[in-house]
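Trainee: I should like to learn how to read the features of a structure that is new to me. May we go through it together?

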Amino acid sequence: MTLIRLAAASAVFALLAACSPASEEDALPALPSIDEVAAVETPYDVDADAHGALDEAFAAARANGTRVLVKFGGNWCPDCRIMAGMLQIPAIAEYLDAHYEYVAIDVGRYDNNMDVVARFGLEALEGVPTVIIATADGDIINTGTAAEWRTARSRDPRDVLTYLQTYADAPVPEGATRAVTTRP
């Protein structure tokens, strides 16, 4: 009789486990490891009109109800190149396209488009890539974490997707810095 009760209890536990909601980790799509991510050779267009691209991104965010994601960096930077590769992973690219207006802005070796950096209230960058996420109105959502991607080569693509998910709907922090949303 005890063996039957034990078998029944095991069956109930197995059924409950099968019906329980998946953990947040399980809910994320399968993503490649960082070792499988190909770095993008030249993720930044050094001749692009960065102010124009940023203006267009803010206008599109207002029209689409999305956020603006700006990635400052340079083609010389291995972390910038690998992060660009992570943003091209299909599951991450789909999420990025659905929730953000994305702009990659070349800063060269901190000697190009620094006037665009200034639109976000920054005098300089701590390093690259620097990722800034703002509302369509220019409120910067991720001020405290913008520079954490300088180590993108040591990060997992899952970190990128989780970061994007975290800030897609995050509330505007109290006292948030506001970016200039149109060309000064």
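**Helix α7 and its surroundings**

Mentor: Let us begin with burial in a helix; note that the model is predicted. In α7, the buried residues are P157, V160, L161, Y163, L164, Y167 and A168.

Trainee: Where do the buried residues of α7 fall when seen down its axis?

Mentor: They fall within an arc of 160°, so they line one face of the helix.

Trainee: What covers the buried residues of α7?

Mentor: The cover includes three strands, β1 (67-73), β2 (100-106) and β3 (130-134), together with the helices α4 (78-87) and α5 (90-99).

Trainee: What span should helix α7 have, and how far apart are its end C-alpha atoms?

Mentor: One reasons from 1.5 Å a residue: the 12 residues of α7 (residues 157-168) should span 16 Å. The end C-alpha atoms of α7 are 17 Å apart, which agrees.

Trainee: Is T135 buried or exposed?

Mentor: A residue counts as buried under 20% relative accessible area. T135 has a relative accessible area of 10%, so it is buried. T135 belongs to the loop between β3 and α7. Leaving aside residues up to four places away in sequence, T135 touches F58, R67, I141 and V172.

Trainee: How many residues line the largest pocket, and which lie nearest its centre?

Mentor: The lining has 14 residues, and L122, E126, T130, T143 and A146 lie nearest the centre. By class, 8 lining residues are nonpolar, 5 polar and 1 charged. The space in this largest pocket is about 210 Å³.

Definitions and conventions
Residues numbered from 1 in each chain as written. Predicted model: local features only at pLDDT ≥ 70, side-chain atom pairs only at ≥ 80, totals over all residues. Heavy atoms only, no water. 1 Å grid on protein atoms, 1.4 Å probe; cavity = no way out; pocket = protein on both sides within 12 Å on 5 of 7 lines; lining within 4 Å. Points joined across faces, edges and corners; volume = space filled by probe spheres on them. Nonpolar A, V, L, I, M, F, W, Y, C, P; charged D, E, K, R; others polar. Helix = DSSP H or I, 4+ residues; strand = E, 2+ residues; numbered from the N terminus. Expected span 1.5 Å × (residues − 1). Buried < 20%, exposed > 50% of the residue type's maximum accessible area, 1.4 Å probe, protein only. Arc of directions from axis to C-beta. Contact = heavy atoms within 4.5 Å.
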